[in-house]
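Below are some comments on the model you sent, set out as numbered points. They begin with the matter of confidence and then turn to the cores, the sheets and a few individual residues.

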Amino acid sequence: MKSEERVPVLIVGGGLVGLSTALFLEYQDIPYVLVERRVTRSVLPRARGMHTRAAEMFRQVGLQGRIQEVAATVLKSGHFGGASRGRSVCEAAALDFGGRSAAAGKPGGPMGFTNDPSPANFVFVPQVLLEPVLEEAARERGGELRFGNELVQFASDDDGVTATLRDQDGMVSTLRADYLVAADGAGSPIRQALGITGWEVAPTRYYINVFARVDLTELLGGRSFSQCDIAGDGVRGVVLCKNNTDEWSFHIEYDPARETLADYPPERCVAVVRAMVGDPDIAVEVLAQSAWDTGSFVADEYRRGRAFLAGDAAHRHMPWGGFGGKWRAAAGKAGRDTGVEIAVHALPATDCADHLHLPDGGALLLRPDMHVAARSDEGLTPAWLDESLRLLTDSANAAAPQRFAAGSILD
Ligand SMILES: Cc1cc2nc3c(=O)[nH]c(=O)nc-3n(C[C@H](O)[C@H](O)[C@H](O)COP(=O)(O)OP(=O)(O)OC[C@H]3O[C@@H](n4cnc5c(N)ncnc54)[C@H](O)[C@@H]3O)c2cc1C
């Protein structure tokens with residue numbers, strides 16, 4: 001057994017949130033050690049979109065350019081956005097979202113927030129491409145990233161955390177940290193060991209995520225979509241774009257009472273993918289698989305003593321809207337007869353950055369984390385600002401904000 005080493009922060013988990021935490025700590029000059037039990041990078045695309053607030057935070061740590069460079073290489077055809085529905089991809093018709101759909105391809109991001117005063121934008125950058133950028137940047141900046149290292153046990157006291165780590169050769173070591181960040185994913189063994197309970201919404205849908213190489217270029221004939229809902233004979237699910245040509249995620253709906261991931265060997269996945277595409281002969285190569293569901297969970301505490309929960313360990317959401325990789329919960333929705341509308345999503349997202357529309361068309365950005373951004377030429381008075389902040393603050397104090405139903409009217 002090696003001797004004990006000491007660090008200010010131990011991050012457990014080298015996924016999207018653990019790597020982000022590393023960069024934000026480095027930005028504050030706080031040394032850390034990050035341990036990740038995987039040796040290789042994940043190939044399964046999950047998160048695809050990064051909202052404005054997350055993009056702003058990466059901008060702050062000097063990564064905007066690098067992320068945009070990678071993002072520019074992702075789509076091989078078409079643009080990101082739009083949805084279709086049909087019995088198969090072949091037969092699917094585009095859904096009409098009016099203005100929002102039309103805004104999908106405009107500069108300024110697919111969310112179409114044209115009045116957004118932020119210097120950053122929504123970015124389409126799949127998690128599998130973003131994580132390597134974060135990892136490389138953290139290493140370049142002197143970060144201590146240890147892949148192939150697992151936290152096997154820890155004990156927390158008033159002054160810190162003692163962690164037992166095991167590397168891929170089975171070598172066990174002890175590390176003493178002032179603080180522990182649990183970025184160890186949705187199941188979070190650390191959260192469970194701490195006994196932190198949470199608020200849960202049971203899943204309504206279960207999916208097998210099959211990431212596959214299948215060239216739909218000819219079949220789509222220039223059409224593109226972010227997602228395509230499939231309801232065909234004996235197959236239901238969603239197809240999500242990765243590069244708009246030959247890499248797609250097929251989310252196959254299944255019944256967990258009758259089946260598990262093990263019931264979907266590659267040959268069955270190939271058959272289901274062909275059915276979803278609507279071409280029985282198309283070449284399909286299965287690249288990765290996993291199971292997921294639409295359940296949500298929000299931990300009752302994000303901190304216990306010297307340990308913090310971050311990312312999926314603290315909150316897990318349905319992927320729709322793309323808020324999983326973010327860091328906070330949101331408020332509700334408030335309307336006023338003054339022409340002010342604060343529409344704060346009932347989904348966790350620091351960057352849901354909703355707009356408070358002023359009668360003259362100006363926009364004030366209010367975020368559930370109380371960040372406020374406004375252009376100087378909007379003629380905002382302190383009274384407008386005070387009132388807006390009071391509304392948000394009242395909303396946030398009235399109850400656990402993440403428990404508001406979508407669209408709740410709070411005033
Ligand atoms: C289909 C789908 C689509 C999604 N789309 C979006 C989207 O568009 N936008 C968005 O923001 N989110 C999206 N999400 C959610 C997003 O993928 C997750 O919120 C995100 O991956 C959470 O990151 P994390 O770092 O908290 O956890 P994870 O990515 O799960 O990483 C946890 C890491 O911890 C490691 N680990 C666990 N235990 C230990 C241990 N004891 N020792 C060492 N290492 C350990 C694991 O190996 C793992 O690498 C989507 C999810 C799905 C399923």
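1. Over residues 395-411 the pLDDT stays under 50, and for this stretch the model has 30 contacts beyond four places in sequence. This is a predicted model, and a second stretch, residues 323-382, also has pLDDT under 50 throughout, with 174 contacts beyond four places in sequence. For the chain taken as a whole, the mean pLDDT is 78, and 71% of the residues reach 70 or more.

2. Turning to the interior, the largest nonpolar core has 33 residues, and those with the most contacts inside it are Ile11, Tyr32, Met50 and Ile67. At least two residues of this core come from each of strand S1 (5-12), helix H1 (16-27), strand S2 (32-36), helix H2 (52-60), helix H3 (64-71), helix H5 (127-140) and strand S7 (144-147). Of the contributors, H1 gives the most, with 7 residues. Apart from this core lies another, of 31 residues, and its members include Leu216, Cys228, Val277 and Ile282.

3. Which residues does Met50 touch, once those up to four places away in sequence are set aside? They are Ala55, Phe58, Ile67, Asn121, Phe122, Val123, Val125 and Leu130. Ile67, itself named among the residues with the most contacts inside the largest core, is thus one of the partners of Met50.

4. Helix H2 deserves its own remark, since it is mostly covered, with 7 of its 9 residues buried. The buried residues are Thr52, Arg53, Ala54, Ala55, Glu56, Met57 and Phe58, and the buried residues of H2 pack against H1, strand S3 (49-50), H3, strand S6 (123-124) and H5. Just after H2, Gly62 takes a positive phi of about 80°.

5. An open sheet of 7 strands has mixed pairing and the order S5-S4-S13-S14-S15-S12-S16. Strand S5 (93-94) and strand S16 (285-293) stand at its edges, and each has a single partner strand, so one side of each is left without a neighbour in the sheet. At the S16 end, strand S12 (residues 206-213) pairs with S16 in the antiparallel sense over 8 bridges, and Tyr206 stands opposite Asp293 in S16.

6. Within that sheet, strand S4 (residues 83-86) and strand S13 (residues 227-232) run parallel and are joined by 4 bridges, with Asp229 in S13 as the bridge partner of Arg85. By contrast, S13 and strand S14 (residues 235-241) run antiparallel, joined by 6 bridges, and Cys228 stands opposite Val239 in S14. Cys228 is also listed among the residues of the 31-residue core. The hairpin of S13 and S14 has 2 residues between the strands, and in it Gly234 takes a positive phi near 75°.

7. A further open sheet has 3 strands in the order S11-S17-S20, with antiparallel pairing. Its edges are strand S11 (198-201) and strand S20 (315-316), each with a single partner strand, so one side of each is left without a neighbour in the sheet. Strand S17 (residues 296-299) is joined to S20 by 2 bridges, and Val298 stands opposite His315 in S20.

8. Strand S8 (residues 149-157) and S9 pair in the antiparallel sense over 8 bridges, and the hairpin that joins S8 to S9 does so through 2 residues. In this pair, Thr164 in S9 is the bridge partner of Gln153.

9. Asp167 lies in strand S9 (residues 160-167). Not counting residues up to four places away in sequence, Asp167 touches Gly148 and Asn149, while the side chain of Asp167 reaches the backbone nitrogen of Asp169 at 2.9 Å. The C-alpha atoms of Asp167 and Glu36 are separated by 9.6 Å, although these residues are 131 apart along the chain.

10. Finally, on the cysteines: how many disulfides does a search of the whole structure find? The search finds 0 disulfides. Two cysteines may be singled out for their burial, for which the cut-off is under 20% relative accessible area. Cys241 counts as buried because its relative accessibility is 1%, and Cys269 is likewise buried, with a relative accessible area of 0%.

Conventions. Residues numbered from 1 in each chain as written. Heavy atoms only, no water. Core = buried A, V, L, I, M, F, W, Y, C linked by side-chain atoms within 4.5 Å. Buried < 20%, exposed > 50% of the residue type's maximum accessible area, 1.4 Å probe, protein only. Contact = heavy atoms within 4.5 Å. Pairing = 2+ DSSP bridges. Polar contact = N/O pair within 3.5 Å; in protein donor to acceptor, adjacent residues only side chain to side chain. pLDDT = per-residue confidence, 0-100. Disulfide = S-S within 2.5 Å.
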